[in-house]
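Please open the model in a viewer and keep the sequence panel visible. The tour proceeds by selections, each followed by a description of what is found there.

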Amino acid sequence: MPNPFNPSTVIGYQLPEAGDVRLAIYSVLGQEVRVLVNERKEAGSFTVTWYGTDAVGRRVASGVYLYRIQAGGFSAVKRMVLLK
């Protein structure tokens with residue numbers, strides 16, 4: 001994943017076993033911006049692209065964003081910077 005990015009970034013993740021996956025983008029204030037993945041996935045490697053838009057397709061402002069991935073008992077938060 002390039003960081004900083006403009007206008008889009010690819011987020012990769014791997015699942016050692018099948019399970020429910022949720023990957024969402026948040027503002028630094030903790031507001032949910034967009035859910036990119038919310039479904040059951042088989043084990044394997046995956047990528048998802050975020051185009052810097054919110055849940056209704058509007059471009060978001062430049063700044064720091066967080067993505068949180070949850071899969072089974074695993075949860076991680078990573079930081080990324082959107083520059084325009």
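Begin with strands S2 and S3, which form a hairpin with 4 residues between them. In the turn, select glycine 30, whose phi is positive, at about 90 degrees. The model on display is a predicted one, and every value in this tour is computed from it.

**The hairpin and its neighbour**

Display the backbone of both hairpin strands. S2 and S3 run antiparallel and are joined by 8 bridges. Next, add S5 to the selection: S2 is also antiparallel to S5, with 7 bridges joining the two. To find one of these positions, select leucine 23, whose bridge partner in S5 is isoleucine 69.

Now colour S2, residues 19–27, by accessibility. Is this strand largely enclosed or largely open? Of its 9 residues, 7 are buried, so S2 is largely enclosed by the rest of the structure.

**Lysine 41, in strand S3**

Select glycine 19 and follow its pairing into S3, where the bridge partner is lysine 41. Lysine 41 belongs to strand S3, which covers residues 32–41. Is lysine 41 buried or exposed? Its relative accessible area is 18%; because the cut-off for buried is under 20%, lysine 41 counts as buried.

Show the surroundings of lysine 41. Beyond the residues up to four places away in sequence, lysine 41 touches Tyr13, Leu15, Ala18, Gly19, Val21 and Phe46. Then select glutamate 39 as well: its side chain makes a polar contact with the side chain of lysine 41, at 3.2 Å.

**Salt bridges across the hairpin**

The model has 4 salt bridges. For one of them, select arginine 40 and aspartate 20, whose closest N and O atoms are 4.0 Å apart. This pair links distant parts of the chain, with arginine 40 in strand S3 and aspartate 20 in strand S2, 20 residues apart. Arginine 40 is exposed at 55% relative accessibility, and aspartate 20 is exposed at 52%.

Another salt bridge appears on selecting arginine 22 and glutamate 32, where the closest N and O atoms lie 2.9 Å apart. Here too the pair links distant parts of the chain: arginine 22 is in strand S2 and glutamate 32 in strand S3, 10 residues apart. Arginine 22 is partly exposed, with a relative accessible area of 23%; glutamate 32 is partly exposed at 43%.

**The nonpolar core**

Hide the charged side chains and turn to the largest nonpolar core, which has 20 residues. Which of them touch the most other members? Select Ile11, Leu23, Ile25, Leu36, Trp50, Tyr65 and Met80 to see them. At least two residues of this core come from each of strand S1 (9–15), S2, S3, S4, S5 and strand S6 (74–82). S5 gives the most, with 4 residues. Leucine 23, visited earlier as the bridge partner of isoleucine 69, is thus met again among these core residues.

**The loop between S4 and S5**

Move next to the loop that runs from strand S4 (44–50) to strand S5 (63–71), and select aspartate 54 within it. Is aspartate 54 buried or exposed? With a relative accessible area of 12%, aspartate 54 is buried. Not counting residues up to four places away in sequence, aspartate 54 touches Val33, Arg34 and Val60.

Add arginine 58 to the selection. The side chains of arginine 58 and aspartate 54 meet in a salt bridge, at 2.8 Å from N to O. The two partners differ in accessibility: arginine 58 is exposed, with a relative accessible area of 55%, whereas aspartate 54 is buried at 12%.

The final stop is arginine 59, also in the loop between S4 and S5. Arginine 59 is partly exposed, with a relative accessible area of 42%. The side chain of arginine 59 reaches the backbone oxygen of tyrosine 51 at 2.4 Å. Leaving aside neighbours within four places in sequence, arginine 59 is in contact with Asn6, Pro7, Tyr51, Gly52, Thr53 and Lys84. To close, select proline 7 together with arginine 59: the two are 52 residues apart in sequence and 9.4 Å apart in space, C-alpha to C-alpha.

Terms used. Residues numbered from 1 in each chain as written. Predicted model: local features only at pLDDT ≥ 70, side-chain atom pairs only at ≥ 80, totals over all residues. Heavy atoms only, no water. Buried < 20%, exposed > 50% of the residue type's maximum accessible area, 1.4 Å probe, protein only. Contact = heavy atoms within 4.5 Å. Polar contact = N/O pair within 3.5 Å; in protein donor to acceptor, adjacent residues only side chain to side chain. Pairing = 2+ DSSP bridges. Core = buried A, V, L, I, M, F, W, Y, C linked by side-chain atoms within 4.5 Å.
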